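Biologist: Thanks for making time for this one. Please take me on a close tour of the surroundings of the ligand, and then place them in the chain as a whole.

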Amino acid sequence: MSSLEFERITVLPMDEYNQRLVANVHPENWVNPQPANCYDLVVIGAGTAGLVVAAGAAGLDLGLKVALIEKNLMGGDCLNIGCIPSKSLIRSARVIGEMWKAKNLGVNISQHINVDFATVMSRLRRIRAGISHHDSAARFKNLGVDVFLGNGKFASKNTIDVDGQILKFKKAVIATGARAIKPEICGIEAAGYLTNENVFSLIQKPDKLAVIGGGPIGCELAQAFRRLGCKVTLFHNSSHILNKEDREATDILQRVFTDEGIRLVLNCQLEEVVTVTEGKRLYFSSHGNRDSVTVNEILVGAGRVPSVEGLNLEAVGVEYDQKLGVKVNDYLQTTNSNIYAAGDICMNWKFTHAADAAARIVIKNTLFSPFGLGRSRLSSLVIPRVTYTDPEIAHVGIYADEAERLGIEIETIKIGFNNVDRAITDSQEAGFLKIHHKKGSDEIIGATIVASHGGEMISGITTAIVNKIGLSKLSSVIHPYPTQAEAIKKAADAYRCTLITPRTKKLLGFLTKFS
Ligand SMILES: Cc1cc2nc3c(=O)[nH]c(=O)nc-3n(C[C@H](O)[C@H](O)[C@H](O)COP(=O)(O)OP(=O)(O)OC[C@H]3O[C@@H](n4cnc5c(N)ncnc54)[C@H](O)[C@@H]3O)c2cc1C
Ligand SMILES: NC(=O)c1ccc[n+]([C@@H]2O[C@H](COP(=O)([O-])OP(=O)(O)OC[C@H]3O[C@@H](n4cnc5c(N)ncnc54)[C@H](O)[C@@H]3O)[C@@H](O)[C@H]2O)c1
C-alpha cells in the first residue's frame, strides 16, 4: 500500500450507522499530513491509551508536536468492538431480565416476549456511531494532533515508518492493545467462530450459541445472548466462572446463570469441533464425562494476546513477551528509555479506565519529568473493575486470598443485601458487600460488591481507598435512604461496633447513668 492509498475499512453491516462510524474513525478520503521535522511524541495505536496520550499532550497547548498512528479504527477495542457495543447489548438484555422477574413483582406480562434482534443490534450500531465523533480523526486533527492512518512500525532508534512515511520522534508510545486469543481446539478454525471482533456485526440471532471462556467477555455476552433468546452453553476450564473474583460472588452469579437457563460446563476440556448438517458440534469432556453439543455459532472469549507483531521492536531494543506484551517498568518505560507503553499492550489490567490512567502517567513521565524528577508510578494506581453481568460483580483493591498470599492480615466485614432496605424493596437481596480492612486498623484494602448496580457503588469505596478514608470516617457519611449504597455505611458501622470492647461498654454504661 503506498502512502496515498488507503485500505478501505468496512464494519459490517455497512448501514448508515456503520458508515458514520467509519467516516469518523477511519475516513476513506483521509489524507495523512506531511510529517513534521521531528515529533516530541509519536503514539502508535489510537485506542483508549493512544487517544488519551495524544489528546493530553496536544491539548496542553504548549506547541508540542504530536503524531498518532492508527491502522484500523480510531477508538480501538472500547468504542468499536468492546465496552460500547457490549454494554449497549447488555442494556437491551437487562430489560428482558427485568421482564422475567416481573411476575414476582406483581406485574403480569401476559404476551410472549418478542425480541427484535435486528433492532437490538441496530440500536447498538446507532449508539456506537453516535459516540464515535469523540474519537474521530477530524477531532484529533482539530486538537493539533497529526493523525496518520496506516500501519506503524519502528524503522530505527528514532523513526517510525507508517506505510512508507517516516516520522522522526523524541519519545514514542506503544499503545497497540490486544486481541482475542485463538483457541487451540481441533477443527474450530475450519468450523469458524465469532470473537469480539465480529460478534457485534450479527444481524440474526443464533438460536444456539456456545460461548468458550467464562471470563468477563464470556460471562457478559453469555447472559446477554441468553436473555435475548439464544440457547446458550458456556464452557469454562476452571471450577468457577470469573475465577479471579471472590468465590462467594461467583457462586451467586452461577446460580443466576443456571436459573436463567444457561448451561454451564465447568472444568471442561474442549476436544474437537466438527461441522455437521445441523451446525457446529463441540465435543468436550467435563468431570470425566465425554459429551457433545451442537450449536449454530461459537463465540470465543478465552483471553487476550498483546499486539506486538510487526512493530519491529527488536530493532529498537524494546523487550516483549508474546503473552505478557511489552515489558515496562513502574514508570511505563520500555527497555528503550525513549519509548513508553500504555494499555492492554503492557498491562495486566485490561480495562479502558486502566488504559486511560496509564496514558496520563505516560504524558507526565514523557513530557513533564525532567531528568526523571516527579515521575508517576503504575503501582500507585487503584483500579476498580466491574463485570457487567446481572448482578454486577464489582471489585477494588485486593482479594482475601491475595492478602493471605502477601502475608497481609485482614478482617472482612460482609453486609448481605438482605439487610439493606432498598435491596429488599427491589427484590435484589441475593448480593453482598464485602470490605477487607487491615487487621487492627480501619484502613480499607479491598472490597467486592455483588449487586445489580454494584459498578456504580464501587466508586465510593475506591474514593475512600485513594484518599485513605478509613471505615471510621465512612461511618459519618450520610447516605440517602433507601439506597443500596447504604450497605457501605452499614459496613462502616459494623467496623465501629468492633471497637467497643467489654471495658468500653462498661464505661459507656457507667457514663449514661450520669447523663
Ligand atoms: C468485548 C469487550 C468488552 C469490554 N468491556 C469493557 C468494559 O466494560 N470496561 C472496561 O474498562 N474495559 C472493557 N474492555 C477492555 C477494553 O476495551 C480495553 O482494555 C481497552 O480498549 C484497551 O485500550 P488500548 O488503548 O490499550 O488498546 P486498544 O483499544 O486495543 O487499541 C489499540 C489500537 O492500536 C491499533 N494498532 C495495533 N497495532 C498497530 C500498528 N502497528 N499501527 C497502528 N495502529 C495499530 C489497533 O488497531 C487499535 O485500534 C472490553 C474489551 C472487550 C474485548
Ligand atoms: N467489564 C469489563 O471491564 C470487561 C468486559 C470484558 C472484557 N474485559 C477485559 O478483557 C479481558 C479479556 O476478557 P476475556 O474474558 O476474554 O479473558 P479472561 O482471560 O479474563 O477470561 C477468559 C477465561 O476463559 C478461560 N478459557 C480459556 N480457554 C478456554 C477453553 N479452551 N475452554 C474453556 N475455557 C477457556 C480461561 O481460563 C479464562 O478464565 C479481561 O481480562 C478484561 O480485562 C473487561
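Modeller: Happy to; here is the ligand shell, followed by the domains around it. This is a predicted model, in which local features need pLDDT of at least 70 and side-chain atom pairs count only at pLDDT 80 or more, while totals for chains, interfaces and linings use all residues. Residues are numbered from 1 along each chain as its sequence is written, and chains are lettered from A and ligands numbered from 1 in the order in which they are written.

Around ligand 1 there are 39 residues, each with its C-beta atom, placed from the backbone, within 6 Å of the ligand. Gly45, Gly47, Gly76, Gly177 and Gly343 are the closest. Two or more residues come from each of the helices α2 (48–58), α3 (76–81), α4 (83–102) and α10 (352–367), and from each of the strands β2 (66–70) and β4 (152–156). Helices here are DSSP runs of H or I with at least four residues, strands are E runs of at least two, and both are numbered from the N terminus.

By character, the shell has 18 polar residues, 14 nonpolar and seven charged. Ala, Val, Leu, Ile, Met, Phe, Trp, Tyr, Cys and Pro count as nonpolar, Asp, Glu, Lys and Arg as charged, and the others, Gly among them, as polar.

Now for the wider setting. The chain is divided into domain 1 (16–81 + 126–180 + 305–380), domain 2 (83–122), domain 3 (188–302) and domain 4 (391–498), with bounds from an automatic or database domain assignment. Domain 1 and domain 2 each give at least three residues to the shell around ligand 1. As for domain 4, its C-alpha centre lies 36 Å from that of domain 1.
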